[in-house]
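Student: I am new to this structure and would like a close look at a single part of it. Could you walk me through the charged pairs and the strands around them?

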Amino acid sequence: MDWTPKLEVKGSRQVEPGELFVFRHARGACLTLAARDDTANGERCVAPIGPALPEITDCTSLMPNPGGAVVSFGKAFTVRLPAGPDAWRFDEPEPSIPALMLADTIFLRCNFAQRRG
């Protein structure tokens, strides 16, 4: 049987930059994007998006890989933006609200401050 989307259970350290995955933590489950920190010799990190963020952050921030098992959607996913006008903003929302910027491509806003933990 062919499933859509393609899901894979793997260790979080096996995810590649650009993969979208879900991991469980003490405050719930979180949709997360795997990333690479080019300012730290390409160190792999993650950007949790929500809905329940890990306890070491209060907004979408780069953080160390959480370890443990995750459910990966891979890199072949589609970002579906809401069509309702009240879901769009012309001003930047507060940092605790995940935000996408639409330009030639889509950018996820992420806090790049010193990581806690």
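Tutor: Happy to! Let me begin with a term for the surface: a patch is made of residues with over 30% relative accessible area and no salt bridge, and nonpolar side chains are joined within 5 Å. Please keep in mind that this is a predicted model. One such nonpolar surface patch, of about 590 Å², is made by F77, V79, L81, W88, L100, L102 and I106. L81 sits in the loop between β6 (69-74) and β7 (100-102), and its relative accessible area of 34% makes L81 partly exposed.

Now to the charged pairs. Side chains of opposite charge can pair when their charged atoms come close. Here the count comes to 4 salt bridges.

Take R36 and D38: they form a salt bridge in which the closest N and O atoms are 2.9 Å apart. R36 is partly exposed at 47% relative accessibility, whereas D38 is exposed, with a relative accessible area of 59%. Elsewhere, salt bridges that share partners join E8, K10 and E19 into one network. Within this network, K10 pairs with E19, their closest N and O atoms being 3.2 Å apart. K10 is buried, with a relative accessible area of 15%, and E19 also counts as buried, at 5%.

Another pair is R44 with E16, a salt bridge whose closest N and O atoms are 3.1 Å apart. R44 lies in strand β4 (residues 43-51) and E16 in the loop between β1 (8-11) and β2 (20-25), so this pair ties together parts that are 28 residues apart in sequence. Both partners are partly exposed: R44 has a relative accessible area of 38%, and E16 has 33%.

R44 also leads us to the strands. In β4, R44 is the bridge partner of R36, the residue that forms a salt bridge with D38. Strands β3 and β4 run antiparallel and are joined by 8 bridges. The hairpin of β3 and β4 has 5 residues between the strands, and there N41 takes a positive phi near 55°.

On to the other neighbor of β3. Strand β2 is joined to β3 (residues 28-37) by 6 bridges, and these two strands run antiparallel. F23, for instance, has C30 in β3 as its bridge partner. The hairpin that joins β2 to β3 does so through 2 residues.

To follow this on the model, start at F23 and its partner C30 in β3, then go to R36 and its bridge partner R44 in β4, and finish at E16, the salt-bridge partner of R44.

Conventions:
Residues numbered from 1 in each chain as written. Predicted model: local features only at pLDDT ≥ 70, side-chain atom pairs only at ≥ 80, totals over all residues. Heavy atoms only, no water. Patch = residues over 30% accessible without salt bridge, like charges linked within 9 Å, V, L, I, M, F, W, Y side chains within 5 Å. Areas by Shrake-Rupley, 256 points an atom, 1.4 Å probe, with all protein chains shown as cover. Salt bridge = Lys/Arg side-chain N within 4 Å of Asp/Glu carboxyl O. Helix = DSSP H or I, 4+ residues; strand = E, 2+ residues; numbered from the N terminus. Buried < 20%, exposed > 50% of the residue type's maximum accessible area, 1.4 Å probe, protein only. Pairing = 2+ DSSP bridges.
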